[in-house]
Amino acid sequence: MTLKKISFQSILLFLVSMLVFATSCETPSEKKLETLNIQDYLDLGNSDTLYPTPKQMELLKKAMPEDHFQPAPKITDREYWNKVAASTSGKTYLEKANGLLDSKPEVPITDSIYRLANKDGNRGIYKPRYYRTMDKLEHFVLAECIENKGRFLPQIETFSDSIIAMKSWVHPNHDDKNNGILEGRRVSIDLGARKFGSVLALTESLLEDKLPQDLRNQINTNIQRRITDTYLKSTAFLDENNTWIKSTSNWNSVCTSGAILAIITNSDNYEKRIAAVGAAINSMAYYLSGFGDDGYCSEGLGYWGYGFGHYLYLAQIIYDYSDGHIDLFKFNNPEKLRNVGNFPENFEIQEGRCAPFADGVSSISSSGSNFANVLSAKHYGAVVPNEIRMEEAAEQLVAWNDPDLFKVQENPVVTELPNHTFYNDFGMIISRGKQDNPFSIALKAGHNAENHNHSDVGTYTLVLGSDIMSGDIGAPSYRAGSFSPNNKARSSWGHPVPLINNTLQSNGKEFKGVFKETEFSDTKDRVVVDIKPAYELPMLQTLERTMVNDKSGNGTITIEDYFVASESVEFGIAIMTLNDYEVVDDHTVILTSDHQKVKAEIESEGFKVSIKDVLVPVEHLREGAPAYRIGIQANSKAKTGKIRVIYTPL
């Protein structure tokens, strides 16, 4: 995001908003709430900032209560908590908390470890400590609410004190290179800080007088400084902190949901609570714009669960807080939200496999939270999951508040994937074989400014059975250098796309692919994508990639690249794989996975080709390593030509 100078108009707008609510919200009272029309609300916003305008604030005032948000009944409501205690999930939760009771907090980390992680980007030396500490505190808090015997209170105080003692709540690699947050020069919210703040907010809200007053004061002070004030300041003035507030990535929904939970639960200032919700609605317009109208999530399936899951959590708490008068489940485009909610099923290639485009995952996970799937089933008619998995206390509270929604399905619905899926907005096609051992492909056009961009217009993933045989090798693991444009796995060099005059694809939204032709049938799918716009090569007149999936017999999938240039150019493509392989000759490669084998036959027109295979020089890949680039290069320059790779199961 490009930072803008703070205009006098923005400052005046902020001050007027504060004045309006300072005079109108001094004495909370019961009032009848009105439903917020989100499109009308957005139309009254200021494009320069996210802090609600005075007119937006007036609408919010009609739709929101004047008291705090209560995410679950307090510990003193024994009827509620005794019911939780008697439930299977309550007993399981208490059992796990008991197993953690003797553990110690793993924060604060030392300044030296923080600075080292900041410099090297090594998440392993701090991140597990952060999240284990938060997870244990969450379990102690909810376990104490369930049991109400005081056994967990000493640990709750100890863990809360340790979190408060941290100089910085952010991940060290999210601090600036001079460690400005650690050294107290600024305050910012990231994926870690939002969780620290929300956990402490839940702790104080649920336990109240069970905690020492001094600790409650410390919690309130820290949440106000580290979450509330920095969030509202950034939404009003777009400063160097919290630049994710206008992002289309998972950062926006995740950080926003945690910040809003902390603010509306903890802040004693009605104006701040209402402004925070209003800013979040404005911010979510940016987040949702990152999805295609067809529901496509360029971040992939893992980040759909993480990012959209937190969006749905934000929608849930705001819906509950406003007694249903603010509905982010529909936002201003119910049809688009329905498509987004159904993304996982539509994105699956087959047998639990999906394309690891960008920084996505290649498998439909059977671990981690599936909170997003549960709420998508309720609100968008998505497939009901056959198990319930949650990772955060905030999710668990939603489940206890609505236990029927989170029941395991006794007879889960099994749906058959369609012959093809076409995301025509962002540009991605899945062509599915229906053989006994299905042979299928996902092919992406897209553009090179997508979230977690890999400069990969035209990339594909080839799946036989449940094995990925060829195509996209996925993302480099997150550590120092993983986001560098020089990282081979993050450039078009590390993807199965053309390389022309040794020139890679360029970055930006204008560098894209466009589907020119699409033909789908039960026996054959054929698509043509124009990928010339992805390259800054003035001599290039045509560059088309054609994919044909012949579904007869055992199946045959062909990738053909055709080019025309005004002058002779060097031309080559690549077969990318994480599997064992054998280069038989310059026209044949055998790819062998754990369970499958595929032959890749290479044909060319206009020139002869040769093969040069190399190890991808990236040691840490999220899909595992090693990965190989089997380069197929024209032996001579040419003005026009074709290279065709024909994949056939063996």
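I'll start with helix α16, residues 371-380: seven of its ten residues are buried, so the rest of the structure largely encloses this helix. Buried here means under 20% relative accessible area, with exposed over 50% and partly exposed in between, using a 1.4 Å probe and protein chains only. Helices are DSSP runs of H or I of at least four residues, strands are runs of E of at least two, and both are numbered from the N terminus.

Before going on, the ground rules. This is a predicted model, in which local features need pLDDT of at least 70 and side-chain atom pairs count only at pLDDT 80 or more, while totals for chains, interfaces and linings use all residues. Residues are numbered from 1 along each chain as its sequence is written, and side-chain values use heavy atoms, with hydrogens and water left out.

Back to α16. The buried residues in α16 are Phe371, Ala372, Val374, Leu375, Ser376, Ala377 and Tyr380. What do the buried residues of α16 pack against? They pack against α13 (301-321), α14 (334-341) and α17 (393-401), where contact means heavy atoms within 4.5 Å. After α16 comes glycine 381, with a positive phi near 70°.

Next, a helix pair. Helix α7, residues 127-147, packs with helix α9, residues 193-207, at about 15°, and their axes are 10 Å apart. Those axes are lines fitted to C-alpha atoms, for helices over the stretch in contact, and the angles run from 0 to 180 degrees between N-to-C directions. The two helices, α7 and α9, are therefore roughly parallel to each other. The cut-offs for that wording are under 35 degrees for roughly parallel, over 145 for roughly antiparallel and 65 to 115 for roughly perpendicular, with the rest oblique.

The α7 and α9 crossing is left-handed, that is, the near helix is turned anticlockwise from the far one by less than a right angle; clockwise would be right-handed. On the α7 side the contact residues are Tyr130, Met134, Leu137, Glu138, Val141, Leu142, Glu144 and Cys145. They meet Lys195, Phe196, Val199, Leu200, Leu202, Thr203, Leu206 and Leu207 in α9. By class, this contact of α7 with α9 has twelve nonpolar, one polar and three charged residues. In that scheme Ala, Val, Leu, Ile, Met, Phe, Trp, Tyr, Cys and Pro are nonpolar, Asp, Glu, Lys and Arg are charged, and the others, Gly among them, are polar.

Staying with α9, glutamate 204 lies in that helix. Is glutamate 204 buried or exposed? It counts as buried, at 9% relative accessibility. Leaving aside neighbours within four places in sequence, glutamate 204 is in contact with Leu211, Arg216, Ile219, Asn220 and Asn266.

Glutamine 70 also touches α9 residues: with neighbours within four places in sequence left aside, its contacts are Ser205 and Leu206. Glutamine 70 sits in the loop between α3 (54-63) and α4 (78-86) and is partly exposed, at 31% relative accessibility.

Now the backbone. Most residues other than glycine have a negative phi, and most peptide bonds are trans. Glutamate 208, in the loop between α9 and α10 (213-237), has a positive phi near 45°. Glutamate 208 is partly exposed, with a relative accessible area of 27%. Asparagine 179, in the loop between α8 (153-164) and α9, also has a positive phi, near 55°. Asparagine 179 is buried at 6% relative accessibility. The peptide bond from valine 107 to proline 108 is cis, with omega near 0°, and proline 108 is in the loop between α5 (88-100) and α6 (111-120).

On to the cysteines. How many disulfides does the structure hold? Zero, taking a disulfide as a pair of cysteine sulfur atoms within 2.5 Å. For cysteine 255, the closest cysteine sulfur is in cysteine 297 at 16 Å, too far for a bond. Cysteine 255 is buried, with a relative accessible area of 0%. Cysteine 145, named earlier in the α7 contact, is also buried at 0%.

Last, glycine 494, in the loop between β6 (467-471) and β7 (499-500). Glycine 494 is buried, with a relative accessible area of 0%. Its C-alpha is 8.6 Å from that of alanine 574, 80 residues apart along the chain. Apart from neighbours within four places in sequence, glycine 494 is in contact with Ile473, Lys488 and Met576.
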